[in-house]
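Here is a protein model to read closely. The questions below it take up its sheet, its helices and some single residues.

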Amino acid sequence: MQLHTHTWGDGDRVALLIHGIMADHRTWRKVGPALAERGYRVLAVDLRGHGASGRGAYSTELFVDDLVETLPTGADLAIGHSLGGLALSLAVERLRPARAIYSDPAWNVNPQQEVVSPEVFAQLKSASREMVAGLNPRWEAEDVDIELATLKLWDENTALGLAPTFGADLAPAKAVVPSLVQFADASFLYDAAEVARLEARGFEVRTVKGAGHTIHRDDFAGFMASLDGWI
């Protein structure tokens, strides 16, 4: 599937942005322009079932194939958040960006006990403003507005298609390209042992103190600071 993309900037370097579940390219409303100011042409996708991209069957493999079908190979930088981080890690051998950044990637959802389920994600389709703001107390009002707008467009069946990933260990065996893993301080996806395991596999790991799962919306300044030396 050819995905809908949004572009910021016209620099000589190319950066790719891949959002997480329930979102679309608008989640990068600050990151895209910030990278454009640093000389990048920034391409942000809407994954299938999200934003202005098409609908259809849903699986991890399809999300990955869509990225390869849509995005250029050999980009200077690729950043994936949550589901986008998982999809990027599975596409990285084919996309071959010069550098990859995985922002709180969904490599281990419920590795030991069931905390969330695909059905819980699907139910968030009808989340109210109060719920979105309550779950994300550090977001700016514009991010809450965007989340409500993206939820209206989001096909909740994408969550059900990802059911096989819940409880699976999908952390890459090695860093295929120079890679940074950016963890949220309040992440539900990792612990200290995971940091050590990823470092042993060749990843650099940094944690953004005080940030929740959507780091770039919780603490934009902290998100950008943690990318020092990588962008």
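What follows is a set of questions and answers on this model.

The model is predicted: local features need pLDDT of at least 70, side-chain atom pairs count only at pLDDT 80 or more, and totals for chains, interfaces and linings use all residues. Residues are numbered from 1 along each chain as its sequence is written, and side-chain values use heavy atoms, with hydrogens and water left out.

Q: In what order do the strands of the open sheet lie?
A: Helices (H or I, at least four residues) and strands (E, at least two) are DSSP runs, numbered from the N terminus. Two strands pair if DSSP finds at least two bridges between them. The open sheet has seven strands and mixed pairing, in the order β1-β3-β2-β4-β5-β6-β7.

Q: Which strands stand at the edges of the sheet?
A: An edge strand here has a single partner strand, so one side of it is left without a neighbour in the sheet. The twist averages 20° from one strand to the next. The edge strands are β1 (5-8) and β7 (204-208).

Q: In which sense do β1 and β3 run, parallel or antiparallel?
A: Four bridges join the two strands. In this pair, W8 stands opposite V42 of β3. β1 and β3 run antiparallel.

Q: Which residue of β3 is the bridge partner of R13?
A: β2 (residues 13-18) pairs with β3 (residues 40-45) in the parallel sense, over five bridges. V14 has R41 as its bridge partner in β3. For R13, the partner is Y40.

Q: How many residues of β3 are buried?
A: Buried means under 20% relative accessible area, exposed over 50%, and partly exposed in between (1.4 Å probe, protein chains only). By that rule β3 is mostly covered. Of its six residues, the buried number five.

Q: Which residues of β6 point the opposite way from S179, V181 and F183?
A: In a regular strand the side chains alternate between the two faces of the sheet. Six of the six residues of β6 (179-184) are buried, so the strand is largely enclosed by the rest of the structure. S179, V181 and F183 point one way, and the other way point L180, Q182 and A184.

Q: Which residue of β7 stands opposite L180?
A: β6 has parallel pairings with β5, over four bridges, and with β7, over five. In the pairing with β5, A100 stands opposite S179. In β7, the residue opposite L180 is E204.

Q: At what angle do α2 and α3 pack?
A: Two packed helices are described by the angle between their axes and the distance between the axes. Axes are lines fitted to C-alpha atoms, for helices over the stretch in contact, and angles run from 0 to 180 degrees between N-to-C directions. The axes of α2 (residues 60-70) and α3 (residues 83-95) are 9 Å apart, and the angle is about 55°. That makes α2 oblique to α3 (under 35 degrees is roughly parallel, over 145 roughly antiparallel, 65 to 115 roughly perpendicular, the rest oblique).

Q: How many residues in the contact of α2 with α3 are nonpolar?
A: Contact means heavy atoms within 4.5 Å. Among the residues that make it are F63 and L67 of α2 and L86 and R94 of α3. Ala, Val, Leu, Ile, Met, Phe, Trp, Tyr, Cys and Pro count as nonpolar, Asp, Glu, Lys and Arg as charged, and the others, Gly among them, as polar. The contact has one polar and two charged residues, while the nonpolar ones number eleven.

Q: At what angle does α8 run to β6?
A: α3 lies across β2, β4 (77-81) and β5 (100-103), at about 135° to β4. α8 (residues 192-200) lies across β6 and β7. Its angle to β6 is about 175°.

Q: Is D104 buried or exposed?
A: D104 lies in the loop between β5 and α4 (118-123). D104 has a positive phi of about 40° although it is not a glycine. Its relative accessibility is 0%, so D104 counts as buried.

Q: What is the relative accessibility of R96?
A: R96 is in the loop between α3 and β5. Its phi is positive, about 50°, although R96 is not a glycine. R96 counts as partly exposed, at 43%.

Q: What is the relative accessible area of S226?
A: S226 lies in the segment after α10 (220-225). Not counting residues up to four places away in sequence, S226 touches L180, Q182, R206 and V208. S226 is buried, and its relative accessible area is 8%.
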